[in-house]
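Trainee: Could you take me closely through one part of this model, chain A, and what it meets? I'd like to follow how its pieces sit against each other and against their partners.

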2 protein chains.
Amino acid sequence: MHNGVVTTSRPLPTMRDVAAHAGVSPMTVSRTLRGDPSVSADFRDRVLASVAALSYRTNDAARSLKAGRASGLIGLAVTNLGNPFYSEFALGAESEAADHGYRVLLGNTGEDLAREKLLVGDFASRRVQGIVVVPATATHDHLDPAVLDGMPVVLATSPPNGPGVDSVILDDFGATRAAVLSVIDEGHRRIAFLGLPEALWTGRERMRGYRAALADRGLPDDPALYSADAGIAELARLTDPPTAVFAANNRHTLAACRHVHESGRPLRIYGFDDVPSADLFQMPLTVVTYSPAEMGRAAAGLLIDRIAGSTAAEEPPRRIIVATRVKNYGIAAPA
Amino acid sequence: MHNGVVTTSRPLPTMRDVAAHAGVSPMTVSRTLRGDPSVSADFRDRVLASVAALSYRTNDAARSLKAGRASGLIGLAVTNLGNPFYSEFALGAESEAADHGYRVLLGNTGEDLAREKLLVGDFASRRVQGIVVVPATATHDHLDPAVLDGMPVVLATSPPNGPGVDSVILDDFGATRAAVLSVIDEGHRRIAFLGLPEALWTGRERMRGYRAALADRGLPDDPALYSADAGIAELARLTDPPTAVFAANNRHTLAACRHVHESGRPLRIYGFDDVPSADLFQMPLTVVTYSPAEMGRAAAGLLIDRIAGSTAAEEPPRRIIVATRVKNYGIAAPA
DNA sequence: CTGTTAGCGCCTTCAA
DNA sequence: TTGAAGGCGCTAACAG
């Protein structure tokens, strides 16, 4: 008794339907739904009854179509949601956005520039009011408001390379330098740097901080200690092996920890990024930590300031530097 | 020379603008942009030139306003993006959605039912084509397509409590039962269960699996071993303390691991959920693991099947049970 | 207080 | 192959 055609969900009721049901004009429905006080109690009740009867739902897409009206959307493009740092970042951004009545359109770039471009274009087509991006690469031209009809953009983890947009970053250089100075002051002279800088700003900055610290203390700059692409194992085989290592991110920190456990060799490990439950590793470990969620909040906050105009478009790019702190694991607190 | 009024980003160019610029009708622009082959090369080039000149961007909101047209959006409501499990879940869902041309509207419920309801309502107002929800509570009435104009819904981590919707879950009961049987077969007789069931389905199921395993082996059901709300410390103080513990989730697993490290007491730990870098804990640990990303993919997949009509609305609710597996840490592989 | 008119940006339909 | 008309759902701006 049915012809095989799949009926794709009947059309949703519109304001016109509600108006007809209530015996009023669409405008009265519109006004009622937006809480316009000029609607009489009588009409209001009738309208609300019809809304309930038809289980009507306002259509935000149609609403935001009206001239100049806003979509209430912001775009969020992260490199890898699977990484706890970016997911906490996303959480912070979503939270800040929600607090200000914005909804978040999410996109994962997978550290792929092409996908990032697609996402940004799609966001723009959906008329998001602004975009928060954790850039996949050092190419940021496509994130310039100039090519995005003036749509505000905020970069996170890296300052803009080209466009004059707001950003939320860490003091990667300073924090690394301070951490490495601390290793040196523990008495270490041969300190390796794990994790090549690649093309990313954070990596370059951390490497720069490492070398600055060595220079600060007059230690030799030995490329053998930081050019090992393949990792900690090679470093251990050097004739004059390192007694300590600074890992550029938590992936490398974990690799170093595993090496210590497996080889039994003593190696003092420092690293950038917190490591979950490192207190259970049973070994000394010092890391530079920060709050990704706070970065997310800050990024969304900057964006919303631009959107709301509380930061005028002409104002120069703002840059928020989120605080880092040093966390020690497996080290008894001083008595 | 300016009057203090903040000009909120000039209106974006429309098809009409492009048409005027190119000296053609808006329809020609529309056709060109959608790749309609019936547009002559001459006109097409003129249009594309104008599009570039004005940096025009199609307005997806306006497009999806046309009768019955789809928004290309799906809603994703998770309880806590800050938890790596849910963020990996989100990653999987976003990935599957993107593969099928859908964009994801993200919302974090913070395990708050009221917020979940708000989010779902907002999603509906934005005309998402379906919703994936990790429910915050056992109340699912508001997730019934019947009250959502037939909008498809997929639940993750918990089967629907009421509405007949699709879901993606784990075999919480079976996996826990098998794991606890394994602890028993290691020789343990006093096995605690950590993590009260609360109101959530997963907790109840895991608890049920634990008790089933005890029953299977004829061990006594001692409430003292699973009613300790405050945790492992209390359990250790029992006159006949447990020699092993099954932790209902990774938060409790970590608590148990800390207890072992701090107290030095031997305690065999089993748990539900993987624990990042547990191989570095230097202690035996067995966990029930699964892939949150796969759950996310599966959930989005089910949803998209409903949206596309490849699963008819009349078809009964589907339920995907994602595989779990057991992972051992800190235990030498058998020779 | 309520309704009418017109139009947001785009696309389906139909005519040229 | 191109264009004109009309409408998607909603809401400013203006009557009444």
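Mentor: Sure. When I say helix or strand, I mean a DSSP run, at least four residues for a helix and at least two for a strand, numbered from the N terminus. Keep in mind that this is a predicted model.

Let's start at the DNA. H2(A) gives three residues to the surface near DNA strand D, the largest share. Helix H4 (60-63) of chain A also gives two or more, as do helix H2 (26-33) and helix H3 (41-54) of chain B. There are 25 residues around the strand, and those that come nearest are Met15(A), Ser30(A), Asn59(A), Ser25(B) and Ser40(B). By class, this surface has twelve nonpolar, eight polar and five charged residues.

Now look at a helix pair in chain A, helix H1 (residues 15-22) and helix H3 (residues 41-54). Their axes are 9 Å apart and the packing angle is about 120°, which makes H1(A) oblique to H3(A). The crossing of H1(A) past H3(A) is right-handed. On the H1(A) side you'll find Asp17(A), Val18(A), His21(A) and Ala22(A), and they meet Arg46(A), Val47(A), Ser50(A), Val51(A), Ala53(A) and Leu54(A) of H3(A). That contact has six nonpolar, two polar and two charged residues.

Next, the partner chain. Chain A and chain B each put 50 residues into their contact. On the chain B side, the elements giving two or more residues are helix H4 (60-63), helix H5 (84-99), strand S2 (103-108), helix H6 (113-125) and helix H10 (250-263). H5(B) gives the most, seven residues. The chain B side as a whole splits into 22 nonpolar, 18 polar and ten charged residues. The two chains are also joined by strands: S2 of chain A (residues 103-108) runs antiparallel to S2(B), with three bridges between them. If you want a spot to zoom in on, Leu105(A) has Leu105(B) as its bridge partner.

Further along chain A there's an open sheet of five strands, ordered S6-S7-S8-S9-S11, with mixed pairing. Strand S6 (191-194) and strand S11 (325-329) are at the edges with a single partner strand each, so each has one side without a neighbour in the sheet. On average, neighbouring strands are turned by 20° against each other, direction ignored. Inside the sheet, S7 (residues 244-247) and S8 (residues 268-272) of chain A pair in the parallel sense over four bridges, and Ala244(A) has Arg268(A) as its bridge partner in S8(A). Helix H10 (residues 250-263) of chain A lies across S6, S7, S8 and strand S9 (285-289), at about 165° to S8(A).

One more helix pair, also in chain A: H7 (residues 172-185) and H8 (residues 201-216). Their axes come within 7 Å and cross at roughly 40°, so H7(A) and H8(A) are oblique to each other. Here, too, you get a right-handed crossing as H7(A) passes H8(A). Among the H7(A) residues in the contact are Phe173(A), Val180(A), Leu181(A) and Ile184(A), while H8(A) brings in Tyr210(A), Ala212(A) and Ala213(A), among others. By class, the contact of H7(A) with H8(A) has seven nonpolar, four polar and six charged residues.

Note on methods: Residues numbered from 1 in each chain as written. Chains lettered and ligands numbered in written order. Predicted model: local features only at pLDDT ≥ 70, side-chain atom pairs only at ≥ 80, totals over all residues. Near = placed C-beta within 6 Å. Nonpolar A, V, L, I, M, F, W, Y, C, P; charged D, E, K, R; others polar. Contact = placed C-beta atoms within 7 Å. Pairing = 2+ DSSP bridges. Axes fitted to C-alpha atoms, helices over the stretch in contact; angles between N-to-C directions. Parallel < 35°, antiparallel > 145°, perpendicular 65-115°, else oblique. Left-handed = near helix turned anticlockwise from the far one by under 90°.
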